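Biologist: Could you take me through one part of this model up close, and then show me how that part sits among its neighbours? I would enjoy a slow, connected walk.

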Amino acid sequence: MSIDTIKTDILIVGAGPSGCMLANTLIEAGKDVLLIDKHNFPRHKPCAGGLTPKTVNLLPFNINHLKQHDSEKMLFKFTNGKTVDLNHIEGACKMVVREDFDNYFFDYVTSKGAKYLNNKIISVDDLNNKINVKTNKQDINCNFLIGADGANSTVRRLTTNLNFKNPVFAFEGLIDKKACKANIPTKFVFNKLGYGWVFPKNDHYNIGIGNLVYDPSQPKPKKKDLFKFAQEELGTDEIRDITGFPIGTEGLDYIPSSKKIYLVGDAAGLAETLLGEGIYNAVVSAKYLGDAIVSSATHDEVFNKYTNFLVGMKKELSLYNRGSKILYKKQRLSYWMLKLFFGKKFMDGYSEGKTLSEIIKGKYPFPSI
Ligand SMILES: Cc1cc2nc3c(=O)[nH]c(=O)nc-3n(C[C@H](O)[C@H](O)[C@H](O)COP(=O)(O)OP(=O)(O)OC[C@H]3O[C@@H](n4cnc5c(N)ncnc54)[C@H](O)[C@@H]3O)c2cc1C
């Protein structure tokens, strides 16, 4: 072992919401945790910054100081130009600026005792007793390696055969409110592959466009589509800070490759394909894995508990996939479904902090640990 080798019980690669949620669960139970991230914080992550109430309920801290808007009113526009307008006093989405949210979460867990290194993972050796991880700075020796490193996960690439069969990609940018004539509520404008969005914040709108359905016969969204979308919806194309990133949605195929190596959040492909919400599944998967590690005596037990959670997660993801196929491919039907009965049910359910299974089947999708 080289003198530059660090030892830790649990190594988490990636300090986004999934990595920080996992670190928090483990630190609270007194575990030895090392977080590494290729970026120092604060850092930008392409994201619209919409947190559903079920996400907010799961977080270990109150987000009131980070919240910039409550989506009490939501507008859904279909390809035929028709709109459905939904309201709930609690708001179905709490709007934050993602950079601020991630930075707060990062400070929260590091101040509680999670160790942090600004390192980039390069290779993984899964040995009999230990895992050896090479980074650009030191080697790290650990009992558990967790990939929380997002949609382009290096841990996934180094340790599994999980591929992108449904490449989902989104662009986002910011428009200052003073450049717009009208005050716009939270807005979703559907197209054949996904949607464009307008998410209000204090002094700006986060706007974006992305595909959620993969259809090789249709052109994928491009930056110029974002300018066109902004002009149509906000009457300006003065967009700043445009960035794009994939969303990890391959979770139906994810099976842990080792009893010592696990993926959470976008690295495991757990974002959903109906509206592209990924932060809830990132934090709920991390919480379950953390609880599994804390409550288990052996690697076998952790594996059984986390794979049991993944069974529920895959059912949930399948439900979103079915919804997505109807929403984007049968827009006339989904317009009427949303207008006549599903719209209120969804708006109420999301605002009350429910998962999709709870809204549709009245049942929480995940097992108890
Ligand atoms: C444009 C856009 C808009 C979105 N809007 C929303 C939204 O409004 N609401 C919502 O719920 N979801 C949204 N999502 C999805 C959401 O951003 C993701 O699901 C969520 O960020 C996943 O969290 P995570 O912790 O798993 O990964 P990430 O947030 O991607 O964090 C991964 C971390 O790993 C680090 N990392 C990556 N590679 C390495 C490496 N090799 N070595 C070390 N560190 C590494 C990264 O620097 C990063 O800090 C959006 C996605 C996009 C692209």
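Modeller: Let's start where helix H3 stops: Gly-113 follows H3, and its phi is positive, near 125°. Keep in mind that this is a predicted model. Working back from that glycine, H3 covers residues 98-111. Its 14 residues should span 20 Å at 1.5 Å a residue, and the end C-alpha atoms are 20 Å apart, so the expected and modelled spans agree.

Now look at which side chains of H3 are covered. The buried residues are Arg-98, Phe-101, Asp-102, Phe-105, Phe-106 and Val-109. Viewed down the axis of H3, these buried residues fall within an arc of 130°, so they line one face of the helix. The spacing helps explain such a pattern: an α-helix has 3.6 residues a turn, so residues three or four places apart point the same way.

What does that face meet? The buried residues of H3 pack against H1, so to speak the next stop on our walk. H1 runs over 17-28. Its 12 residues reach 16 Å from the first C-alpha to the last, close to the 16 Å expected at 1.5 Å a residue. H1 is mostly covered, with 11 of its 12 residues buried. Among them are Pro-17, Cys-20, Leu-22, Asn-24 and Ile-27. H3 is one part of that cover; the elements over the buried residues of H1 also include strands E1 (5-13), E2 (33-36) and E11 (139-147), along with H6. Like H3, H1 is followed by a glycine with a positive phi: here Gly-30, near 80°.

From H1 you can step into the largest nonpolar core, which has 99 residues. Leu-22 and Ala-23 are among the members that touch the most others, as are Leu-11, Ile-12, Ile-146, Val-264 and Leu-289. H6 gives the most to this core, with 10 residues. Val-264 shows how these pieces come together: leaving aside residues up to four places away in sequence, its contacts include Ser-18, Leu-22, Ile-146, Ala-282 and Leu-289.

H1 also brings us to the ligand. With three residues, H1 gives the most to the shell around the ligand. Strand E12 (168-176), strand E16 (240-247) and helix H6 (279-294) each supply at least two residues of that shell. Of the 37 residues around the ligand, Gly-14, Gly-16, Gly-150, Gly-265 and Gly-278 come nearest. By class, the shell has 16 nonpolar, 13 polar and eight charged residues.

Terms used
Residues are numbered from 1 along each chain as its sequence is written. This is a predicted model: local features need pLDDT of at least 70, side-chain atom pairs count only at pLDDT 80 or more; totals for chains, interfaces and linings use all residues. A residue is near a molecule or strand if its C-beta atom, placed from the backbone, lies within 6 Å of it. Helices (H or I, at least four residues) and strands (E, at least two) are DSSP runs, numbered from the N terminus. Ala, Val, Leu, Ile, Met, Phe, Trp, Tyr, Cys and Pro count as nonpolar, Asp, Glu, Lys and Arg as charged, and the others, Gly among them, as polar. The expected span of a helix is 1.5 Å times one less than its number of residues. A residue is buried if 20 or more other C-beta atoms lie within 10 Å of its own, exposed if 12 or fewer, and partly exposed in between; C-beta atoms are placed from the backbone. The arc is that of the directions from the helix axis to the C-beta atoms. Two residues are in contact if their C-beta atoms, placed from the backbone, lie within 7 Å. A nonpolar core is a set of buried Ala, Val, Leu, Ile, Met, Phe, Trp, Tyr and Cys residues joined through C-beta atoms within 7 Å.
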